Amino acid sequence: MPNSINILALFAHPDDAEFLCAGTLAHMAGLGAKIHMATLTPGDCGSTTLPPAKISTVRKKEASRSAALIGARYHCLKSKDLLVFYDQPHLHKVMELVRQTRPALVLTHSPVDYMIDHETVSQLCQSACFGAMAPNFKTGARRPAPPLQGVPHLYYADAFGRRDILGNKIESTLSVNISATLKRKEEMLGCHDSQQAWLKTQQEIPETVTTMRKMAHEVGKRAGFRWAEGFRQHLGQGFPATNLLKELLGSLVR
Ligand SMILES: [Zn+2]
């Protein structure tokens, strides 16, 4: 892999990327890619005991610690939980992040997922990738990054639980073998201490690592890997249709 390649993982909340694509990111980091992990919000609603400012500080630290485990840089775009909208201010900041980080490959949420923040981030990400090379789109940043030279390759991670809100299965089309990076993925997820109690009480999720392993096992089984993460590539008009993920990771991708 050319070590100048940049990868952006843009998700709604701290720990989303860890659940959905940290094994894949760890592979890419191991090959010398520069990884940026970004969340729209600092996860300000992720506590029943701490007020928003306190839990946000805690969660940003957790996310930075997790990113550092693979040499990645963490960015928080400072939106608020449940208040991620497809609007001008959000598109401006997501576009500016894409231009600043200059990724060849972007990973984000499934367009259909269990919560609207995730789906909105997916849409914002799609537009930001599509428009990042349009010089007439101004982000209003004080020191704006120049437009990109090309549209990045865009991949959608699996929806949580791999189902839509009506319970229908959403099948990914690409699986990345993460058997060699599962440990690292668990360590990264483990950085998000504050979420263990929250997910247990609020969403009746037993233990984050157990939940993550269950999903990685299911995706893996389908592809003939022990553990895997699933993705779908955005192949709409204007986007590159070559499979960069496969080019980078070779036989780890099926
Ligand atoms: Zn989330």
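**Note on the predicted model: aromatic cluster, zinc site, cores and one loop residue**

1. Phe160 is buried, with a relative accessible area of 17%, a value that comes from a predicted model. Its ring partner Phe19 is likewise classed as buried because its relative accessible area, 8%, falls under the 20% cut-off.

2. Phe19 and Phe160 form an edge-to-face aromatic pair, with 5.3 Å from centre to centre and 70° between the planes. The pair links distant parts of the chain, since Phe19 belongs to helix α1 while Phe160 lies in the loop between β5 (153-157) and β6 (174-177), and the two are 141 residues apart. The count of aromatic pairs comes to 3, and ring pairs join Phe19, Tyr114 and Phe160 into a cluster.

3. The zinc ion is coordinated by His13 through ND1, by Asp16 through OD, listed twice, and by His118 through NE2, at 2.1 to 2.3 Å. Along the sequence these donor residues follow the spacing H-x2-D-x101-H. Among them, both His13 and Asp16 are buried.

4. What arrangement do the 4 donor atoms around the zinc ion make? The angles they subtend run from 56 to 135°, and the arrangement is therefore irregular; a tetrahedral assignment would require all angles to lie between 85 and 135 degrees, so the lower end of the range rules it out.

5. The largest nonpolar core holds 46 residues, of which Leu25, Ile35, Met37, Ile70, Leu105, Phe231 and Leu245 touch the most other members. Helix α1 (residues 16-30) gives the most to this core, contributing 9 residues. A second, separate core of 24 residues includes Ala38, Val106, Cys129 and Tyr156.

6. Ile35, one of the residues that touch the most other members of the largest core, deserves its own entry. Leaving aside neighbours within four places in sequence, Ile35 is in contact with Ile7, Leu25, Met28, Ala29, Ile70, Ala72 and Arg73.

7. Is Ala241 buried or exposed? Ala241 is exposed, because its relative accessible area of 58% is over the 50% cut-off, and the residue is found in the loop between β7 (228-233) and α8 (244-249). Once neighbours within four places in sequence are set aside, Ala241 is in contact with Gln233 and Leu235. Ala241 and His153 are 88 residues apart in sequence, whereas their C-alpha atoms are 7.7 Å apart in space.

Technical notes:
Residues are numbered from 1 along each chain as its sequence is written. This is a predicted model: local features need pLDDT of at least 70, side-chain atom pairs count only at pLDDT 80 or more; totals for chains, interfaces and linings use all residues. Side-chain values use heavy atoms; hydrogens and water are left out. Helices (H or I, at least four residues) and strands (E, at least two) are DSSP runs, numbered from the N terminus. Buried means under 20% relative accessible area, exposed over 50%, partly exposed in between (1.4 Å probe, protein chains only). Contact means heavy atoms within 4.5 Å. A nonpolar core is a set of buried Ala, Val, Leu, Ile, Met, Phe, Trp, Tyr and Cys residues joined through side-chain atoms within 4.5 Å. Rings of Phe, Tyr and Trp (its six-membered ring) pair if their centres lie within 6.5 Å; planes under 30 degrees apart count as stacked, over 60 as edge-to-face and the rest as tilted. Donors are N, O and S atoms within 2.8 Å of the metal (3.2 Å for Na, K and Ca); water is not among the atoms, so sites may look incomplete. Four donors count as tetrahedral if all angles lie between 85 and 135 degrees; four count as square planar and six as octahedral if opposite donors are over 155 degrees apart and all others between 65 and 115; anything else is irregular.
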